[in-house]
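Here's a quick walk through one model, starting at its ligand and working outwards. Have a look at it first, then read on.

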Amino acid sequence: MSEKVYPVRPEVAAAAHIDNAKYEAMYEQSVNDPDAFWGEQGKRIDWFKPYSTVKNTSFDPHNVDIRWFEDGTLNAAYNCLDRHLETRGDQVAIIWEGDDPSDSESITYRDLHERVSRFSNALKAEGVEKGDVVTLYMPMIPEAAVAMLACARIGAVHSIVFGGFSPEALAARIEGANSKVVVTSNFSLRGGKVVPLKANVDKALQNENAAASCKTVIVVNRVEQELPWVEGRDKWYEDLVAKASADCPAEEMNAEDPLFILYTSGSTGAPKGLKHTTGGYMVYASMTHEYVFDYKDGDIYWCTADVGWVTGHSYIVYGPLANGATTLMFEGVPSYPDNSRFGRVIEKHKVNQFYTAPTAIRALMQQGEDVLGDSDLSTLRILGSVGEPINPEAWEWYNRIVGDEKCPIVDTWWQTETGGIMIVPLPGATAAKPGSASRPFFGVQPALLDAEGNTLEGAVDGNLVITDSWPAQARSIWGDHERFVQTYFSTYKGVYTTGDGARRDEDGYYWITGRVDDVINVSGHRMGTAEVESALVAHPAVAEAAVVGYPHDLKGQGIYVYVTLQSGYEQSDELMKELRLHVRSEIGPIASPDLIQFAPGMPKTRSGKIMRRILRKIAEDDFGALGDTSTLADPTVVDDLIEHRMNRK
Ligand code: PRX
C-alpha cells in the first residue's frame, strides 16, 4: 500500500460536477432514501412512459429479484441517438481511429442515427424480432456500435463475444444464447496484420448445436480479400443496409426488458451469460460516465477498451452516447506503428478524458519515459484506470508522464456483473491514494465480511460484498437464474458477493486485493482456472491439470499450469508448445499459459482434493511458508514440484 495522498486541487473541485460536500450529501441520500435519489436521477434519460415506482429489489437467496423503474418504458438507442438530434445532430458522436494512423472517421449523431436505423431495418428483414439474441463478433469498427444500437432499437438482445475468443468459445456462446444471427467482419486489422474473423465464425458454425440456432451471418467488409462464402447463410452488411430504409421507429421497451447478455468467467463451470436490462442500466451508465469522468459538453472522451468487454459496453457506447458525448473508438493497438501511438491519438483528436488499463500503462512504462514521443498531451484533464488493481508505481508513472501531474486519476473498480463503476475517487471530491479505488459511488454500499459472514468494522481485510442493489446490476444469468443465485447470493446471505477481497483503511478507502475465488485476472482479462484446466484435460496427453495465477510484471497475473501426463507420454519442449497452442485454440490467445510445469503428481489430500494453496505458493516462488502439508496423501510430491518450479526470482 502506498502511503501517499494526492488531495483534490481546489481549482479542480470548483470546476467539477461533484465536490466533496456534494458527494457526501448525495451519497447519504442515495443510501438512506434510494427511491427519492434514483427517482430523481432516473430523469436524466428519456422515458416513453414514466415510471411510478423506483426500487423493488430482493437479495433474499430464496427470492433474488431485482427490478428498477419497473413500470417505465424506454428505448436505449433512442436515448443514445434520437433525443440528441435536435440539439446536437451535427455534433460528432463517434470518432473512429483506425489501425492505420491515416484511417479515421468522424460520425455525427445524425449519421449514426441513420446508420443505426438502416441496420435495424436490415435485422428485421432477416427475421430478427424483439427478444431475439444477436451475437456480435466484431473488431473495433463503427459497425460494432451500430450493430449494438440497432439491436437495442428493435428490442433484440445483443451478446458480444470478444474477437480474441476462439471458434470453440464462440460456438458455446452462440449455442448458450440460442442466437439466430451472428454479425461479424470478413477480417480485422490489428497492428498492421490482417486477422481472419469470419473464418472463426465458419469454424464455430461447424458445431452442430451452434449451427442449429444460427441461420444467418452478416459480414462487414473490412478488408478487401477473398474468403469462403456459404450461400444463403452469409450476407454482406453493405448489401443489406443499402436496401434498408432509414426510417425505423425505436421499439418501446420495458425498463426490465433485457438489453444485452455478456459472458464472463467464474470459478466453476462454463462462462455465464450475465443478463443486463434496460432502464436501470442506462441511468447508471449515463450517470457514472458523467460524474466519474467529469464529462462536460464539448469534451472528447476516449476509452481504450474493446466493445467485447463490459467496459466497452458501458463506457464506449451506452454511457457516453446517452450523455450526448463524443466518444473515441480505437481499432488498433498501443504499439503500432510504434509505442507512441496512444500519445499520437490523444494529440490528434485533442482527447480530454483517457480511460485505459494498468496492463497498458505498465507496457508503456517499460519502454521508458519518452515513450509517448513529443505528442502534445496538454488537452488531457482526467485519467482513468480499470480492470485490475493498479500498482502504485504504474499509478505514479501515469500521473507524471501522461497526466503531467495535473490530471486526477480515477481508479474504477467494478465488474461485468455490476454493469457500471462501483468504487472510485470522484475527481473533484476524493483525494487519491495510488492503488486504492477509494470510495463507493452513489447508491453503492460495500461491506467486508469474514469467512463466516460476519460484518467487519473499521480498518480491516475481508471479502467484499455489496449489501443492497444498485440500478445497473445484472439481473440474472441467461437461462439459469438458479446459478445466478448460487454464484452471487448464497455464500453470504442477503448480500451480493463480488468474489474480490479488499482492505478498508482508516479513512474508509477500499483497496481491492484481488480475487478470493479461482478466477485469475490476466492483463485485465478475467479467466476461470477451471476453464483453462478443462481445455488442458481435453488434450490426449494430459491426465490431470491444475491452473493458478502468479504475479506477472506486465500482465498483473500470469497463468501457471501444472500438468500430469498420461502414461505413454513424455515431457518435452514440443509437447509444451503443443499444449499452449491447444489452449489458445480451445479458448483464445488470452488464455495462453505463461508457464507449464510437468508434474509427476499433484499435492492431494487423502480424500483426493488438490491443495491449490500449495500450488499457488510454489508458482509464486514463495515456498518457504507452505503451511501444514501433513494432510497430504504423499508429501514428497511437494519436493518435486519445488525442485522443478518454473518461476524463479
Ligand atoms: O477482480 C476485480 C478486477 O476485475 C474483476 C472484474 O472483471 P470483469 O468482470 O472482466 O470486469 C472488468 C472491467 C470492469 C473484478 O472482480 N477489477 C476490475 N477493476 C478493478 C479491479 N481490481 C482492482 N481495481 C480495479 N480498478
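A residue counts as near a molecule here if its C-beta atom, placed from the backbone, lies within 6 Å of it. Keep in mind that this is a predicted model.

## Around the ligand

So who sits next to the ligand? With that cut-off, 21 residues surround it, and the closest are P389, Q415, T416, I512 and R526. Sorted by class, the shell holds nine polar, seven nonpolar and five charged residues.

Which elements supply at least two residues each to this shell? They are helix α13 (310-322) and the strands β20 (409-412), β25 (496-504) and β26 (510-515). The top contributor is β25, which gives three residues.

## The sheet behind two of those strands

β25 and β26 also turn up together in an open sheet of five strands, ordered β22-β21-β23-β25-β26, with antiparallel pairing. β26 is an edge strand, and so is β22 (455-456): each pairs on one side only. As a general point, strands of a sheet pair through backbone hydrogen bonds, either parallel or antiparallel.

Over at the β22 edge, β21 (residues 446-449) runs antiparallel to β22, and two bridges join them. Across that pair, L448 stands opposite L456 in β22.

## The annotated binding site

Now for what the records say. In an unreviewed UniProt entry, the annotation "binding site" covers V537, H539 and V542.

V537 belongs to helix α18 (residues 529-537). Is V537 buried or exposed? Neither quite: V537 has 15 other C-beta atoms within 10 Å, so it comes out as partly exposed, since buried takes 20 or more and exposed takes 12 or fewer. Beyond its neighbours within four places in sequence, V537 is in contact with V542, E544 and A545. That list includes V542, which is itself covered by the annotation.

H539 lies in the loop between α18 and β29 (542-552). H539 is partly exposed too, because it has 19 other C-beta atoms within 10 Å, and the buried class begins at 20. What does H539 touch, not counting residues up to four places away in sequence? The answer is L579 and H582.

## The annotated domain

UniProt also places a feature, "domain: AMP-dependent synthetase/ligase", at residues 82-467, again in an unreviewed entry. In the model, this span is 32% helix and 24% strand, and its end C-alpha atoms lie 36 Å apart.

How values were computed
Residues are numbered from 1 along each chain as its sequence is written. This is a predicted model: local features need pLDDT of at least 70, side-chain atom pairs count only at pLDDT 80 or more; totals for chains, interfaces and linings use all residues. Helices (H or I, at least four residues) and strands (E, at least two) are DSSP runs, numbered from the N terminus. Ala, Val, Leu, Ile, Met, Phe, Trp, Tyr, Cys and Pro count as nonpolar, Asp, Glu, Lys and Arg as charged, and the others, Gly among them, as polar. UniProt positions are given in the numbering used here, feature names are shortened, and annotations may be inferred rather than shown by experiment. Two residues are in contact if their C-beta atoms, placed from the backbone, lie within 7 Å. Two strands pair if DSSP finds at least two bridges between them.
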